[in-house]
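Notebook open, coffee poured. Today I'm looking at how some helices pack.

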Amino acid sequence: MIVAERKPFSEILSMVEDYSKILVIGCGSCVTICMAGGEEEVKLLASQLRMAFRKNKRGVEVEEAMALRQCDDEYMNDPVLLDKVRAADIVISMACGVGVQHATTFFNRIILDKPIKVVPALNTTFMGANLDVGIWEERCVGCGDCVLEKTGGICPVTRCAKSLLNGPCGGSSNGKCEINKETDCAWHLIVERLKALGELDRIKPVEPYKDWRPSHNGGPRRIVREDMRI
Amino acid sequence: MKEFEPRIVAFCCHYCALAAADIAGKTDLQFPPTVRVIRVLCTGKVEVLHLLKAIESGADGVLVIGCKFGECYFKEGNFRAQKKVERAKSLLEEVGIERDRLRYDFVAGPCGNDFASIMSTMTEEVKALGPNPLRV
C-alpha cells in the first residue's frame, strides 16, 4: 500500500489560515490503513484546526468528510461530498499525492461555478508493507521491471541502499547494511533465501545494467486496458 | 473577582480508578469538586480524539486514570492509554495549548487516598495554568 505521514500542523495551518470555510477530506484506502489520513485522522486534524482558530479568535468553519478512495471518480462522485466541497473555500485532502491530484482534477471538472483549491495534509512517503502494528517499511519503488523472480522475492532495487543488482557490496556486515545497523542488507537476505530455496546458482550470472526506461521516465506512466474500455 | 474553578474531565477505568473513587467517597476523603468522572471499561479504550474533544469542548484539564502498570485487567490497556495521552499532548502543543492540561496517572483499586490526592494535584496544576484558552 501507499504509506504516508501527516505534515506538521504549522505547515497545514499556513496553507489554510486565510480561508474561512475549510473542508477536510480523508481517504478510506491506503492512508487509513497506515493511520495517516483516515476518518480518525480527519477528526483529529479538524479538531486541531478548530482549536487553533478559536484560540486566535477567528470564526472559521471546519467541516469533515470521507471518500472511500480519492484516486477514483467512482468513489468521489458522491452528492453529499460534492455539496460540502461547493460550500468550502478550501479543501484539505488527507489522501496520498495521487488522491490530492485526482481530487483537484475531479472537483474542478464537476464543479464549474468556482475554482476549487485542494491542498495536501500528508507527505506521501513510499509503497510499503505493514511489518507490525505502527511500523511500515518500503518494499517497492515501482521501477516498472520486476526482478523479484531472480532474487528470491526480495527486491534489491528498493531494499539495497545502492539498488545493486549484483550485490552485496563491501558495506554488508553481519547481515546489516552500512547505512545503519537497523537496516538489513538486502543482498544478505537474498543470498540466505536463495540458499534455503536451493537456488543459489541463480545469482551467478552477472546482471546487466538495469533498464530504467519503464521507471519514472518520459512523463507519467500510463496503462490502458483496451478490453476494459467500451 | 471569583476564583477560577477549573473544569476537569477524568476518564477512569472501571477496575482500578473507579474502585478507588468509590473508596474515596465511602471513606469521606475530601477532594475538590472540579472533576467530572467518565467511566470507561479500560483506559486503553480512550482515544486521542476523546482527549482533544474534551479540550475543544472547553475542559480546562483532562485526566486519564488507569490501573498500575502490570496490573491492567486487560494486560496492556494502561500502556496504550499512556502513549495516547502523550500523542494528544503533542497535538495540543502544535495548536499552542499547554500539554500539561492532559495527564495520565494510575491508582490501585483500594487506594482511595491516592485517587483524592491525584484530583487535588491536578486541580492545583490546572489552576496554575488558568482557564482553557479556547473559552476565554
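I started with what the buried residues of helix 6 of chain A pack against: strand 2 (21–27), helix 4 (73–76), helix 5 (79–87), strand 4 (90–93) and strand 5 (118–120) of chain A. This is a predicted model, so I'm reading everything here as such. I then looked up which residues of helix 6 of chain A are buried, and got Gly99(A), Val100(A), His102(A), Ala103(A), Phe106(A) and Phe107(A). Helix 6 of chain A covers residues 97–110, 14 residues in total, and reaches 20 Å from first C-alpha to last, close to the 20 Å expected.

Next, the pair across chains. I found the axes of helix 3 (residues 39–55) of chain A and helix 3 (residues 77–95) of chain B coming within 9 Å and crossing at roughly 40 degrees. Angles from 35 up to 65 degrees count as oblique, so these two helices are oblique to each other. I noted the crossing as right-handed. On the chain A side, the contact uses Leu44(A), Gln48(A), Met51(A), Ala52(A) and Lys55(A); on the chain B side, Leu91(B), Glu94(B) and Val95(B). I sorted that contact by class: five nonpolar, one polar and two charged residues.

Last, a pair inside chain B. The axes of helix 2 (residues 48–56) and helix 3 of chain B come within 9 Å and cross at roughly 45 degrees, which makes this pair oblique. I have this crossing down as right-handed. From helix 2 of chain B, Val48(B), Leu51(B), Leu52(B) and Ile55(B) meet Lys84(B), Val85(B), Arg87(B), Ala88(B), Leu91(B) and Leu92(B) of helix 3 of chain B. I tallied eight nonpolar, no polar and two charged residues in this contact.

Terms used: Residues are numbered from 1 along each chain as its sequence is written. Chains are lettered from A and ligands numbered from 1 in the order in which they are written. This is a predicted model: local features need pLDDT of at least 70, side-chain atom pairs count only at pLDDT 80 or more; totals for chains, interfaces and linings use all residues. Helices (H or I, at least four residues) and strands (E, at least two) are DSSP runs, numbered from the N terminus. The expected span of a helix is 1.5 Å times one less than its number of residues. A residue is buried if 20 or more other C-beta atoms lie within 10 Å of its own, exposed if 12 or fewer, and partly exposed in between; C-beta atoms are placed from the backbone. Two residues are in contact if their C-beta atoms, placed from the backbone, lie within 7 Å. Axes are lines fitted to C-alpha atoms, for helices over the stretch in contact, and angles run from 0 to 180 degrees between N-to-C directions. Angles under 35 degrees count as roughly parallel, over 145 as roughly antiparallel, 65 to 115 as roughly perpendicular and the rest as oblique. A crossing is left-handed if the near helix is turned anticlockwise from the far one by less than a right angle, and right-handed if clockwise. Ala, Val, Leu, Ile, Met, Phe, Trp, Tyr, Cys and Pro count as nonpolar, Asp, Glu, Lys and Arg as charged, and the others, Gly among them, as polar.
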